[in-house]
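This report introduces a protein structure to a reader who has not met it before. The sequence and the model are shown first, and selected parts are then described in turn.

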Amino acid sequence: MVTLAVPPYLLSRAIDDGLATKNFQVLTGWVAALFGIGVVNAALGIARHRTMSKIRMEASFRTVSATVEHCVHLGDTLSRRTTAGEVVAIGSGDVQVIAQSLTITGPGVGAAVTYIVVAVVLFSIAPLLAAVVLAGVPLLALTVGPLLHRIERTGAGYRERQGALTTRLVDVLNGLPVLNALGGKSVYAARYQRDSHDLVTQGYRLGVAASWVDALSKGLPAAFLVAVTWLGARMAAEGSISVGGLVAVYGYTAMLVVPVEFFIEGAGDLARARVAAGRVTRLLSLSPEQPADHDLVDAPAAPSILRDPVSGVEVLPGLSTAIVGNRPAESAAIIDRLGGFTKSDVTWDGIDLDAIATHQLRQRILVADNDAYLFTGSVRDVVRGRHDAGDDRLHRALHIAVAVDIVDALPDGLASTINPRGDNLSGGQRQRLRLARAVYADPEVLLAVEPTSAVDAHTEATIATRLRAARRGRTTAVTTTSPLLLAHADTVIYLVDGIAAATGTHHELLAAEPGYRALVTRGGEEARR
């Protein structure tokens, strides 16, 4: 930006040394120099724009990468410590605001240096003009400062309410089928519309201060230019400076419009970025609900018993265990505890599960949730996830989950795209792909929640047979009330009010436990309805 101050100097020399003295050769030399610096400034302007674009993009990518990595690191702690709307607001708005503020690192610093250089040059021409120029920045700070403070104060509250409203929207969208069934959609829509209107009103108040900053970033430099030019013209009329000096003064002052505008815009960007960065750093400051690294211990070296003292459930190594309860939420909660997704007293070979490093748990224990998210991507990428292996293993996993027909029905087979949340699949197809993904991972311990609840009886019987054969000798636990799955389990644990009441094979419990028999037969299902 300093080179922007060179053209006025060259122009003044061309006027005083060439035009005023009618020396064409000297005039030609200064004009050539002026043309050369114009080319240089154009090249530097292109380089500056490309560099700042790269810096802003790098800032966006790094912020997103750090946020996503930390969300993954938090695991299930994330949903208990913050909301989905908060995370969405960071990705949809805060990242861009933070990236934009980094403009201050390039043009902002350049503007400060250029301002000082021009002030020194003007001092050599006319000390009075230099004094006016130097007094301009404090005046701008006094004018814009209160507005920036208001932006930061109001912006913080606005972003908090925006995050809360986004959270509500996410919750409503996820629960839309239930709301439709209960007839509550209109009630939530009216409430969302009312809160959205209040947020818009607050946004207008924030926009007033922001618009004043934008207006002042254009208006104050123009007024500054008028004042300095008027003083320069008076001095030229009095003979204090030459005509070339007057042209130089005008050029320097007009050039200062650029750095002054950067000052104001940069300050506004920083005020908004402080609010956005505060949200990001609050998220990054969250820590998993786990002991410090120096308190962690290693997982058992060999397959071992998983024991949940709250329910009395024990999952034996190398066997298939089925957990049966009249309340699916209680069974699912046991799986979450056994998988280390909720803080509990679960032990693995006598070792407190909460004291084992998370990455070791995730490498050896896989929880296959019935509502696990399906990210967009090809069938191949959705099923194999982070694992990398050939298509033979992929086809085997699809075969075990009876999902080959899904692939065959898609236009591009394994390369076909699955929409976010698997929206282009039926409920049963999504469930089978989730199961194929879990089978493909081939974990030491597989904990599955209702893995066949959305498929027909024939498909369920096939899955039960194939899954039992594929997981033979591996630790597997499923929650289910399906007799087709229960018949293939080595051990069935019957829950009453979330507590293990009886353990045995499916046929043993049918004979000995009336409650179990009622639960897993059609009569029990009708009774529960």
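## Strand S12 and Ala 500

Ala 500 has its place in strand S12, which covers residues 499-504. The structure described here is a predicted model. With a relative accessible area of 27%, Ala 500 is partly exposed.

Apart from residues up to four places away in sequence, Ala 500 touches Ser 311, Gly 312, Val 313, Ile 493, Tyr 494 and Leu 495. Ala 500 also shows how positions remote in sequence can be brought together: Val 310 is 190 residues away along the sequence, and the C-alpha atoms of the two are 9.4 Å apart in space. In the loop between S11 and S12 stands Asp 497. The phi of Asp 497 is near 55°, a positive value in a residue other than glycine.

## The protein as a whole

The protein contains 20 helices and 12 strands. Of its 529 residues, 41% are buried. Among contacts with a separation of 6 or more, 75% are between residues 24 or more positions apart.

A further link of this kind involves Gly 75, which lies in the loop between H2 and helix H3 (77-81). Gly 75 and Phe 341 are 266 residues apart along the chain, and their C-alpha atoms are separated by 7.7 Å. Gly 75 has a relative accessible area of 37%, and therefore counts as partly exposed.

## Helices H1 and H2

Two packed helices are described by the angle between their axes and the distance between the axes. For helix H1 (residues 6-19) and helix H2 (residues 24-74), the axes come within 8 Å and cross at roughly 170°. Angles over 145 degrees count as roughly antiparallel, so H1 is roughly antiparallel to H2.

On the H1 side, the contact is made by Val 6, Pro 7, Leu 10, Leu 11, Arg 13, Ala 14, Asp 17, Gly 18 and Leu 19. H2 contributes Val 26, Leu 27, Trp 30, Ala 33, Leu 34, Ile 37 and Asn 41. Sorted by class, the residues in this contact are 12 nonpolar, 2 polar and 2 charged.

## Helix H15 and its surroundings

Helix H15 is formed by residues 427-441. At 1.5 Å a residue, its 15 residues should span 21 Å, and the end C-alpha atoms are 22 Å apart, which agrees.

Is H15 enclosed or open to its surroundings? Because 11 of its 15 residues are buried, H15 is largely enclosed by the rest of the structure. The buried residues are Gly 428, Gln 431, Arg 432, Leu 433, Arg 434, Leu 435, Ala 436, Ala 438, Val 439, Tyr 440 and Ala 441. Asp 442 follows H15 and has a positive phi, near 50°. In the loop between strand S8 (417-418) and H15 is Arg 421. The phi of Arg 421 is near 65°, a positive value in a residue other than glycine. Arg 421 is partly exposed, at a relative accessible area of 43%.

## Aromatic pairs

A pair of aromatic rings is described by the distance of the centres and the angle of the planes. The count for this model comes to 2 aromatic pairs. Tyr 373 and Phe 375 form a tilted pair, with 4.7 Å from centre to centre and 50° between the planes. Tyr 373 counts as partly exposed, because its relative accessibility is 36%. Phe 375, at 58% relative accessibility, counts as exposed.

The rings of Tyr 494 and Tyr 516 have centres 5.7 Å apart and planes at 75°, so this pair is edge-to-face. Tyr 494 belongs to strand S11 (residues 491-496) and Tyr 516 to helix H19 (residues 514-520), so that the pair links distant parts of the chain, 22 residues apart. Tyr 494 and Tyr 516 are both buried.

## Arg 337 in helix H10

Helix H10 (residues 328-338) includes Arg 337. Is Arg 337 buried or exposed? Its relative accessible area is 14%, and residues under 20% count as buried, so Arg 337 is buried.

When neighbours within four places in sequence are left aside, the residues in contact with Arg 337 are Asp 308, Val 310, Ser 311, Thr 342, Ser 344, Val 346 and Leu 353. Val 310 is also the residue paired with Ala 500 in the C-alpha distance of 9.4 Å, and Ser 311 is one of the residues that Ala 500 touches.

Conventions:
Residues numbered from 1 in each chain as written. Predicted model: local features only at pLDDT ≥ 70, side-chain atom pairs only at ≥ 80, totals over all residues. Heavy atoms only, no water. Helix = DSSP H or I, 4+ residues; strand = E, 2+ residues; numbered from the N terminus. Expected span 1.5 Å × (residues − 1). Buried < 20%, exposed > 50% of the residue type's maximum accessible area, 1.4 Å probe, protein only. Axes fitted to C-alpha atoms, helices over the stretch in contact; angles between N-to-C directions. Parallel < 35°, antiparallel > 145°, perpendicular 65-115°, else oblique. Contact = heavy atoms within 4.5 Å. Nonpolar A, V, L, I, M, F, W, Y, C, P; charged D, E, K, R; others polar. Phe/Tyr/Trp six-rings, centres within 6.5 Å; stacked < 30°, edge-to-face > 60°.
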